[in-house]
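Let's take a walk through this one together. Have a look at the fold as a whole before zooming in on any detail.

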Amino acid sequence: MSDEESVSQDETGLEGDPKADTGQEGHAITVGCHLSTSKGYEAMGKTALSIGANTFAFFTRNPRGGSAKALDPDDAAALVRLCQEHRFGKLVAHAPYTMNLCSAKPDVVEFARQAFAGDIERMESLPGNYLNFHPGSHVKQGVDEGIRLIVEGLNQVLVPGQKTIVLLETMAGKGTEVGRSFEELERILEGVQHDELLGVCLDTCHVNDAGYDVAHHLDDVLDEFDRVIGLDRLRALHVNDSKNPLGAHKDRHEKLGQGTLGLACFQAIVTNPRTLQLPMILETPNELSGYAREIAALRALAAGESLEHAQTLLQTGADGKKTATS
Ligand code: FE
Ligand code: FE
Ligand code: ZN
């Protein structure tokens, strides 16, 4: 079967499938989840389609090890085609956790810079998307030295004219994480020469754990972001509930509606004119079926459905079948 045939079948399937239409009324949001790269790039696009997603996230290399698989240009091109045909929003790739631009160990910093440069180069085969990273942990060197090293690293790896926008992720402030406040992120942005290549990805779990009351005061948090950084920098969201209270500095993600933030927080996000157009990535503790339910619930909320309806979708899925919960 040729690619063209399989694509036209997919489209027919979408048109005839009422649950795939969820979110077409009201605001059609851009939402997806973190997916495994194990079967390649185009396979991730197909998986995203199968769960009602129109964006997704993936690790640019092994998140804990650091080795990178050789890129298959045909596979990358196939994903680019799929994203165009199905009108995906921007993808939000994630750099590995081991990449610490502000480690106290020079060899770790050097590895981080090489890996980062390599990942930007690989992302250029999926042009126009986002590459999100954790700014780093300063490991007792102090936040000033951490920021200095992050800025130095970014100034070394960013390539003028690159098609990939690099996003700094808002962090929970666990340990010595840099990026626990909007002020810290702004200091990094200010120091980077080609700051037109930078944006911010706001993680709802992380900002809650950092002390920003996104659950009850979304607009105040956005005002604060605008005052300190500027809302034009806000390019993507990680939509996660949190297992911990406001300001806990922990970083433990929870399923939507089952944590501190609650479903009303996500209703506010998908209906707020300052956030509803952003790509939203789920990093909740779920299997694919759980992500499909969360995507359906967010689309329903964006379309103006009630919290009760969204809650039902989370429990039973868009197909109305009750799924076993552990
Ligand atoms: Fe992250
Ligand atoms: Fe995140
Ligand atoms: Zn996290």
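How much of the contacts in the chain with a separation of 6 or more comes from residues 24 or more positions apart? Such residues account for 74% of those contacts. Keep in mind that this is a predicted model. The chain has 326 residues, and 52% of them are buried. Its accessible surface comes to about 14400 Å², with 49% of that belonging to carbon and sulfur atoms.

Now for the secondary structure. You'll count eleven helices and eleven strands in the chain. Seven strands make up an open sheet, and if you read across it the order goes β1-β11-β8-β7-β5-β3-β2, with parallel pairing. At the edges sit β1 (31-33) and β2 (92-94), each of which pairs on one side only. Going from one strand to the next, the twist averages 30°. In general, strands of a sheet pair through backbone hydrogen bonds, either parallel or antiparallel.

Zoom in on the β1 edge. Here β1 runs parallel to strand β11 (residues 280-282), and three bridges join the two. If you want a landmark, find Cys33, which stands opposite Leu282 in β11. Over towards the β2 edge, look for helix α4 (residues 106-123): this helix lies across β2, β3 (130-133) and β5. Relative to β3, helix α4 runs at about 155°.

Next, the metals. Which residues coordinate the iron ion (ligand 2)? Glu169 (OE), Asp203 (OD), His238 (ND1) and Glu283 (OE) do, at 2.1 to 2.2 Å. Along the sequence, these donor residues follow the spacing E-x33-D-x34-H-x44-E. The site of this ion is irregular, with angles of 82 to 170° among the four donor atoms: a tetrahedral label would need all angles to lie between 85 and 135 degrees.

Glu169 has a second job to look at: this residue bridges the iron ion (ligand 2) and the iron ion (ligand 1), and the two ions lie 3.2 Å apart. Glu169 sits in strand β5 (residues 165-169) and His238 in strand β8 (residues 234-238), so this pair of donors ties together parts that are 69 residues apart in sequence. Are these two residues buried or exposed? Glu169 is buried, with a relative accessible area of 1%, and His238 also counts as buried, at 1% relative accessibility.

Key: Residues are numbered from 1 along each chain as its sequence is written. Chains are lettered from A and ligands numbered from 1 in the order in which they are written. This is a predicted model: local features need pLDDT of at least 70, side-chain atom pairs count only at pLDDT 80 or more; totals for chains, interfaces and linings use all residues. Side-chain values use heavy atoms; hydrogens and water are left out. Donors are N, O and S atoms within 2.8 Å of the metal (3.2 Å for Na, K and Ca); water is not among the atoms, so sites may look incomplete. Four donors count as tetrahedral if all angles lie between 85 and 135 degrees; four count as square planar and six as octahedral if opposite donors are over 155 degrees apart and all others between 65 and 115; anything else is irregular. Helices (H or I, at least four residues) and strands (E, at least two) are DSSP runs, numbered from the N terminus. Buried means under 20% relative accessible area, exposed over 50%, partly exposed in between (1.4 Å probe, protein chains only). Two strands pair if DSSP finds at least two bridges between them. Axes are lines fitted to C-alpha atoms, for helices over the stretch in contact, and angles run from 0 to 180 degrees between N-to-C directions. Contact means heavy atoms within 4.5 Å. Accessible areas come from the Shrake-Rupley method with a 1.4 Å probe; for residues, only the protein chains shown count as cover.
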